[in-house]
Amino acid sequence: MNKSLLLVPVGLSVCGTTLQAKNKKSAETCDKPLNIIYIMTDDHSFQTISCYDGRYNQTPNLDRLAREGVRFDNSFVTNSISGPSRAVMITGKHSHKNGFLKNEGGVPFDGTQQTFPKLLQQRGYQTALIGKWHLISNPTGFDHWEILQGQGYYYNPDFITPEGTHREHGYVTNLITDKGIDYLEHRDRSKPFCLLLHHKAVHRIWMSDTCNLTQFEDRTFPVPETFWDDYAGRPAAADQEMSIDKDMDLAYDLKMIDSTIETRLKGGIMYGELGRMTPEQRAQWDSAYQPLIDRFIASGLSGKELAEWKFQRYMRDYLKSVKSLDDNIGRLMDYLEREGLLENTLVVYASDQGFYMGEHGWFDKRFMYEESLRTPLLMRLPDCWKHAERGREIGQMVQNIDYAPTFLDLAGVTVPEDIQGVSLVPLLRGEQPKEWRDAIYYHYFEFPGEHRVRRHYGVRTDRYKLIHFYGDDIDMWELYDLKTDPSELHNRYDDPKLAKVQAKMHEKLVQLREQYDDRTE
């Protein structure tokens, strides 16, 4: 590690320590192959990125990517769960085609198959993966890789490399950023590069850098209008186990660690994250959380008041983790600017899926409902990019199957015919393709599994959504008019007023299942 590049010790607190941009080096031109940095986070909701929604927090460094590039407003996933989403991203194919359907009870990702990093290597790119992989296998197609073990830990995480597994001291978001900068500093400068920088944040259980532990404690967040949803007409939604009220664990999720509080998941944080902390880290943690624990015990909350208190704690912890993430995005961007790399580098930011911030009373993801189906997608255009103005909002429907063909297209690689996504380059250029997709297809497979979300597939157009929950003891259709019911509270399936719409949505679903060759059910 070239520590002269950083203003803090490796992996330690970075709050308020972004690098100051210096004069740029000589700008490269877009006549050369573009470099690609693809930053992906875990479970980052678009609701908590201020260029999408400023109600909850400010994310100035993420907002910079949108301001200096484009923001996709209708970006969706094909399967809202971490491992499968990553397999979709790297192959450009739906889950049933790449073979990685689910996290729990699934099979390892088949690393022998075609992926976009392998195709970039053939084109002369150097490729690297740093951070979260989560595909039950070692990466292939990368000249350099260093990945978290499993889900990874926020504090003092273990990293796996081709040489073996080792533990590093520090906060995981800082460490991954450090490693990304170090890779860029020591890369082969004669070749273009593609760096996948994949963070653990902001995955459950939402732990921040120690210098952000007291952030947001003076804030009270508006409870979503759908927080007390009764799930009428939606049996699959009623049957889930991802309720903030009933399923969010006081000790594990909300850090109320006390001898008087016993919960099912308490050991997970006691012997997991907290057990890995150094005495210094634990002292900082206790200094921030012990007063909160004391106040909670004294409050004696129950019922509705307890549920809404849990929501507030969840929001504060989640946003602390987002703050640490945004700080590190700023640190990376300052390095890229200092080194002149913004001239010829596309910087992409996305999450592996969306996330519920109390909507319908939930945390987590998995459902085809909007908050987990929709994911943030920002692309900071290279300075040499002259095709279109910056700061644009792109409204066309895109999916994570589109990332692979986009990167290949930008690298001048012919996109293989078996890739199911389409290149986003025309949209980046400001074009308005007449034949752009008018619907997206989704399929979730993991049941039984954590949070008890039933298997389902469906289709979404610009206005309507049709979902089929299937398997075991359920065979249920749901239809929503997103214009009149954006919160998806009213299942209109078999409503005579929408009979024609329902028929057309079934036709579109059949068409997409045939187009993507999905015969699973």
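1. The central feature of this predicted model is an open sheet of 10 strands, arranged in the order 7-6-5-4-8-1-9-10-2-11 with mixed pairing. Strand 7 (164-167) and strand 11 (392-394) are the edge strands; each has a single partner strand, so one side of each lacks a neighbour in the sheet. From one strand to the next, the twist averages 20 degrees.

2. Helix 2 (residues 82-91) packs on this sheet, where it touches strand 1 (35-41) and strand 8 (193-198). The direction of helix 2 makes about 165 degrees with that of strand 1.

3. Within the sheet, strand 4 (residues 126-131) and strand 5 (residues 144-148) run parallel and are joined by four bridges. In general, strands of a sheet pair through backbone hydrogen bonds, in either a parallel or an antiparallel manner. Ile130 stands opposite Glu146 in strand 5.

4. Ile130 is also one of the residues that Gly180 contacts. Gly180 belongs to helix 5 (residues 172-186). Although Gly180 and Ile130 are 50 residues apart along the chain, their C-alpha atoms are separated by 6.7 Å.

5. Beyond its neighbours within four places in sequence, Gly180 is in contact with Ile130, Leu195 and Leu197. The relative accessibility of Gly180 is 0%, so Gly180 counts as buried, the cut-off for that class being under 20% relative accessible area.

Definitions and conventions
Residues numbered from 1 in each chain as written. Predicted model: local features only at pLDDT ≥ 70, side-chain atom pairs only at ≥ 80, totals over all residues. Heavy atoms only, no water. Pairing = 2+ DSSP bridges. Helix = DSSP H or I, 4+ residues; strand = E, 2+ residues; numbered from the N terminus. Axes fitted to C-alpha atoms, helices over the stretch in contact; angles between N-to-C directions. Contact = heavy atoms within 4.5 Å. Buried < 20%, exposed > 50% of the residue type's maximum accessible area, 1.4 Å probe, protein only.
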